[in-house]
Amino acid sequence: MRKILVVLTIAFVFCFTVSAFAAEPIKIGYLATLTGDGASYGVAEVQSAQMFVTEQNKKGGVLGRQLELVPYDAKSRPEDAVNAVRRMCDNDKVVAIVGANTSGINIATAAIVERAKVPQIGTATTNPLVTVDQNGKVRPYSFRLTFDDPYQGTLGAEFAYNDLGAKKAAILYNIGSDYAHGLREFFIENFERLGGKIVADESFRPDDVDFRAQLTKIRNAGADVIFLPGMGKDMALTIKQARELGMNTQFLGGDGYGEFMAEIAGKSLEGAFFILASGYLEKPSLQPIFQMYRDTYKDEPKEFGNISLAYDAMTWLCNAIERAGSTDGTAIAKALETTTDLQLAISPLTVNPENHNPYKKTGFILRVNEELTAKFYKEVTPK
């Protein structure tokens, strides 16, 4: 009888072990622009996310299962993003999606993830409509790690007016960008609230690369500061062309900043300010991530903002899966929504369940120095 029990015990342990090792991995989708304009951001995010997955799997994964990253190229186009998210949900059976880093894409995919009940975390998606609909109702499966446009617009306006001493501001924005429209709107609202005046409000089409006509109008209007609610390439071209026109106006951009901008603008970029929600290269709490990136990819973490946002988004998601004790999308979404005082590398995270935004997210002002590197200038929160 004892021999039989021993055999049964060994058989049970063997079956349990085989079952554990045979468990399907937890698939996490990653939506990013991997080709075309903005690819440097997307590639950095996917590399960071994969780095996180590798490290987490060494620690045993999540819920005793290994993680598997499933990246897709959004190509900076909402239609490609929608198709990619459909494939992730319907074919790959991902439990959640991280990305993208642009608002228009996540607004386009919101209905898809809601139908599939698969939570999605935008990394640098700032438009309010990413997480709430036109009626202000929260989208149950859409989240963001960064601040939204009203928050960022307020930070920008207060910094321009109070710190830069600007009383007359101009704006140059991409008329086809949801991100740009949102930042523009809230910068104007808050700059005027403080007593400032918008002396020029100029736009350009998405494929434009020559902004000299708009900049000439801005120069003639006598602006103290030019607010650029754009992405890396168009901001870099704008600043370069402005300096070529002899303009000494101060420049303030949002979180579309990228290290590659120096390759386009050169010395013209020196002195420009940018507002980020993703920390800065010298931030002590981010050093382990950046060193891991150097060791893994034998490269410098040039797009440090995207690297840190992607790593923190993956950390947040896996924490939610652990707290949910499940890979069910609805359970994960509930855990994401109820996150409180989660210690992430950039800053602690508490989520507002009414709009799925981080609560009191710290903003970081960076200034480009003579070596064309964006260095920490100050931390800011709205007054």
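Helices (H or I, at least four residues) and strands (E, at least two) are DSSP runs, numbered from the N terminus. The model is predicted, so local features need pLDDT of at least 70 and side-chain atom pairs count only at pLDDT 80 or more, while totals for chains, interfaces and linings use all residues. Residues are numbered from 1 along each chain as its sequence is written, and side-chain values use heavy atoms, with hydrogens and water left out.

**Exercise 1. Loop backbones**

Find where K117 and D341 sit, and decide how exposed each one is.

Solution.
- Start with location: K117 is in the loop between α4 and β4 (120–122), and D341 is in the loop between α12 and β11 (351–352).
- Next, look at phi. K117 has a positive value of about 60° although it is not a glycine; for D341, also not a glycine, phi is positive at about 50°.
- Now apply the accessibility classes: buried is under 20% relative accessible area, exposed over 50%, and partly exposed in between (1.4 Å probe, protein chains only).
- K117 has 48% relative accessibility and therefore counts as partly exposed. D341 has 55%, so it is exposed.

As an extra, check omega from G99 to A100: the peptide bond is cis, with omega near 5°. A100 belongs to the loop between β3 (96–98) and α4 (103–116).

**Exercise 2. Trace the sheet**

Work out the strand order of the open sheet of seven strands, and name its edges.

Solution.
- Two strands pair if DSSP finds at least two bridges between them.
- Following the pairs gives β7-β6-β8-β9-β10-β13-β14, with mixed pairing.
- The edges are β7 (197–204) and β14 (374–380), each pairing on one side only.
- On average, neighbouring strands are turned by 25° against each other, direction ignored. Axes here are lines fitted to C-alpha atoms, for helices over the stretch in contact, and angles run from 0 to 180 degrees between N-to-C directions.
- Zoom in on one pair: β6 (residues 168–174) and β7 run parallel and are joined by seven bridges. In this pair, A170 stands opposite A200 of β7.
- Finally, add helix α8 (residues 232–244), which packs on the sheet and touches β6, β7, β8 (225–228), β9 (250–253) and β10 (273–276). Contact means heavy atoms within 4.5 Å. The direction of α8 makes about 175° with that of β9.

**Exercise 3. Classify a helix pair**

How do the axes of α10 (residues 287–297) and α11 (residues 304–324) cross?

Solution.
- The two axes come within 10 Å and cross at roughly 105°.
- Use the classes: under 35 degrees is roughly parallel, over 145 roughly antiparallel, 65 to 115 roughly perpendicular, and the rest oblique.
- α10 and α11 are therefore roughly perpendicular to each other.
- The contact uses I289, F290, M292 and Y293 of α10, together with F304, I307, S308 and Y311 of α11.

**Exercise 4. Explore the cores**

Which residues have the most contacts inside the largest nonpolar core, and which element gives the most to it?

Solution.
- A nonpolar core is a set of buried Ala, Val, Leu, Ile, Met, Phe, Trp, Tyr and Cys residues joined through side-chain atoms within 4.5 Å.
- The largest one has 98 residues, and I28, L31 and F274 have the most contacts inside it. Helix α11 gives the most, with 12 residues.
- Inspect F274: its partners include M235, I239, L252, F364 and V368, not counting residues up to four places away in sequence.
- Apart from this core lies another of 27 residues, among them A169, F273, A277 and V380.
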